[in-house]
Amino acid sequence: MAQERYNAPEREKHWQRIWEEQQTFLTSADRSRPKYYVLEMFPYPSGRIHVGHVRNYTMGDVVARYKRARGFNVLHPFGWDAFGLPAENAAIQKNVNPREWTYDNIEAMRTQLKRIGLSLDWTREFATCDPDYYHQQQRIFQAFHKKGLVYRKKSKVNWDPVDHTVLANEQVIDGRGWRSGALVEQKELAQWFFKITHYADDLLDGLDTLDKWPDKVRLMQRNWIGKSQGLLMRFNLSGEKVPADFGSVQVFTTRPDTIFGASFIGISPEHPLAKELAKTDAKLAEFIEDCRRIGTAQEDIDRAEKKGYDTGIVAAHPFRSTTKLPVYVANFILMDYGTGAIFGCPAHDQRDLDFARKYKLKVKAVVIPEGTDPAEFKVGDEAYTGPGLLQNSSFLNGLTVEAAKEEVAERLAKRSMGEKKTSFRLRDWGVSRQRYWGCPIPVIHCEKCGVVPVPDEDLPVRLPDDVSFDKPGNPLDHHPTWKHVTCPTCGGKATRETDTFDTFVDSSWYFARFTAPHAAEPVESAEADYWLPVDQYIGGVEHAILHLLYARFFTRAMRDCGYLGLAEPFNALFTQGMVLHETYFDDKQNWLAPDEVTIETENGVRKAFRLEGAREPVSIGSIEKMSKSKKNTIDPDLFTQHYGADVARWFVLSDSPPERDVVWTEEGVQGAWRFTQRVWRLLNEAEPRLAPLDAKAPATFSAPAQALRRAAHKGLAAVAEEIEGLRFNRAIAAVYEFANALQAALQDKATAGDESFGFALREASVFFMHMINPIMPHLAEEGYSLLGYNTLLANEPWPEVERSLLVDDTVTIAVQVNGKRRDEIVVPRNADRADLEAAALRLESVTRAVDGRPIKKVIVVPERIVNVVA
RNA sequence: GCGGGCGUGGCGAAAUGGUAGCCGCAAGGGACUUAAAAUCCCUCGGCCGUAAGGCCAUGCCGGUUCGAGUCCGGCCGCCCGCACCA
């Protein structure tokens, strides 16, 4: 064929210009069509897009383009999660202004993203650091405050004494600040909290309605909320050492039924009683200090041995006055959960058992599995936590675990020694950050009036631009003038709150703001009511808990403040996999980037060589998540300039299911690139043979024409179905399958001069462009234009398939003998059971396999299988 | 430790309880070419067999079923999440 190669980079620019000129992807105000809101999690503007972005945004774009073609009114917006630490780090390291740095990054990334050809409505773009956005966020805070959903309390933070800054858990490495290396201190600071626990039950119950979320994510949220029903029990204390005001200790338990198996009381090292005792007990103080040194990291706690300190105090058993329980301070009891105190029942709790064995405490089994002889039942190294009947338990003997729980609760309640209590693991959301680059918390601290919200007319509280990062600590705090204000209530001297919001606050309502991004209110009811919820939300599974839980909380809180009319923001959630790449390193353990090496295959073994210099051999490492530190990244921008966006879009969705990780390989890219060229070639071969644009459908189709039509209609239907299910890899397989059929049809000499084939070929070619359009929109427009159309494919509706062409007249079904496949037969689709049975029994292969045995029965499943049982 | 998921060709993968391996990648052979690239055609799970055909095969062992990659039970291995949560 004489046609030129498809010049993707050049043609892609062309079509992107046309789309932009014609405002093709502007959100329509048309309310007559059903709406569809597709959203991908917005990115942090780091400065460069990476391949993971390409995959994430392409997935959303495929859905958006497909739904548009299906007649939906689509909202597909984009924005920037633009507050956060990296901007401050850049300010410190490169002496740039965080605001300028951020907006420069946004500018650069927007340019890169536009080269991907995403069908976004860019008129709705905003960044969370836009004063307009954080202005509205401050107003939401005031509304939450008024509603009682916000409060201030003292809370522990990781404090870096050198940098004068609060550190996130991940910034504390081996107990030291990641930048300063200073030993991190635990410090109490007054912090702002959102009362997410107010919605704990609702957030939990709501999960049941989210049937289009991955079960995994729902389970993670359920565990995070961690609801448990239990009992608060009071134990009276006695002993010389009992401090004043500590006559009793409150314990939370989910196993009150095991009370007769109790052998000790355990309290957290941070429990008030422990702290009080430590004042006069130096050894205890030392023990508590030791516990603190274990740290808060999961790994450390896991590795730590269970340890306790006997306080010498004893607690009275509530039902058996002769039993006294020693009170231990124990390192495995968390102050944050329940009451920070437990009663230990070693036989039925593994941790208690480990503890009891170490300190030689009594282990008494009080629950035994039904049907087991109590005399035989022994607790060894494993606690028994299953169901069973109570024994050795006075009035509880013979009861089930459930009944015993009730009985204990009732008896204690009568004596005011216990009450039922539901506990949640979920804690209120601390939103204060001692940082500059975030949304200012709009309150003023006045010596006379206390905490005063900034009045609405004074909002927004803007971040000052003239900040200095010369000194350690929060620039807002040591800005010469910014924090000094007069109190809005009394007019006296006052200071601004210098904390800013956790950036998770910014991302907790942006999806709502997109429905009316320029409104003078946080949201515009009519718009929000029309567009919300998001119909399809797409993003990384790393946000499975925090971001998604906070957004669900915000939606409820905003509903209760009158902003929104719903509880659940995201109807369907999809979590996509990461993009991985092989790694390379030299003998000095220096990582090498993919474009610094060349791969050659010698005797079937892949070997890597350094491209520059002496071509020294280098090692091929494992396949890992693309990261700057391992240098195994691919720059989508460079890639797009060379191969085009369509190749990148096609490749990241091919091969692997979208929820799974995909490995970026040069071979895979080549395959995608070859396919774009093949599409172009096929179209150019087809074009001269197409029926004219205005040709009427012929009355009858030749066999090859009919076969092509079947392939086209089946292909189109398959692509539609797979995109609906977000199975993009399978959509791509269906396109390949159709392309193979089209190619075979074009090579078929019998079609020369066949008019009905020309018609079928036009139809098939048009369908072909529709099939690839969601994934390779530029090539699809180019091809559509080649076929003689002067409208944009992006505006064309998805063609209707003829259902009759989706089913074949004949089917091939397998014939089994005793469940083993022996043959296959081609039969009319509607052949009845008797015909199928007869056809199968006629087969020589069946006779041979039956080998003279009597036939017991024949299983016939029309259109599926015949199984002869002999 | 607890919870969840996954184990299928050389690789990524596909398969409403009904012909295991669609599609792609890699590999091998051939055509075209002065040559290469590109493209096109063929082969491609393993074993036995000249062939026809047969046997084995979805991590391992068992079960249910006419029929199991798929359902159930028990192991083994890998991955992910987490909360020592009373």
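What follows is a short chat about a few features of this predicted model.

Biologist: Why is Thr258 called buried?

Modeller: Its relative accessible area is 2%, and buried means under 20%, so Thr258 qualifies. Thr258 sits in the loop between strand S11 (248-253) and strand S12 (264-267).

Biologist: What makes the link from the side chain of Thr258 to Arg255 a polar contact?

Modeller: The side chain reaches the backbone oxygen of Arg255 at 2.8 Å, and the cut-off is within 3.5 Å. Further along the sequence, Thr258 also touches Phe343, Cys345, His348, Val366 and Val367.

Biologist: On to the cysteines. Why is there no bond between Cys487 and Cys446?

Modeller: A disulfide needs sulfur atoms within 2.5 Å. The sulfur of Cys487 is 3.6 Å from the one in Cys446, its closest cysteine sulfur, so that pair is too far for a bond. Cys487 is buried, by the way, at 3% relative accessible area.

Biologist: And why does Cys129 have no disulfide?

Modeller: Its closest cysteine sulfur, in Cys439, is 11 Å away, which is too far for a bond. Cys129 is buried as well, with a relative accessible area of 4%. The disulfide count by this rule is 0.

Biologist: What makes S2 and S27 edge strands?

Modeller: The open sheet runs S2-S1-S26-S27, with parallel pairing. Strand S2 (73-75) and strand S27 (573-576) each have a single partner strand, so one side of each lacks a neighbour in the sheet.

Biologist: How do you know that S26 and S27 pair?

Modeller: Pairing takes at least two bridges, and S26 (residues 536-540) and S27 have 4, in the parallel sense. In one of them, Gly540 is partnered with Gln576 of S27.

Definitions and conventions:
Residues numbered from 1 in each chain as written. Chains lettered and ligands numbered in written order. Predicted model: local features only at pLDDT ≥ 70, side-chain atom pairs only at ≥ 80, totals over all residues. Heavy atoms only, no water. Helix = DSSP H or I, 4+ residues; strand = E, 2+ residues; numbered from the N terminus. Buried < 20%, exposed > 50% of the residue type's maximum accessible area, 1.4 Å probe, protein only. Polar contact = N/O pair within 3.5 Å; in protein donor to acceptor, adjacent residues only side chain to side chain. Contact = heavy atoms within 4.5 Å. Lists of a residue's contacts leave out its neighbours within four places in sequence.
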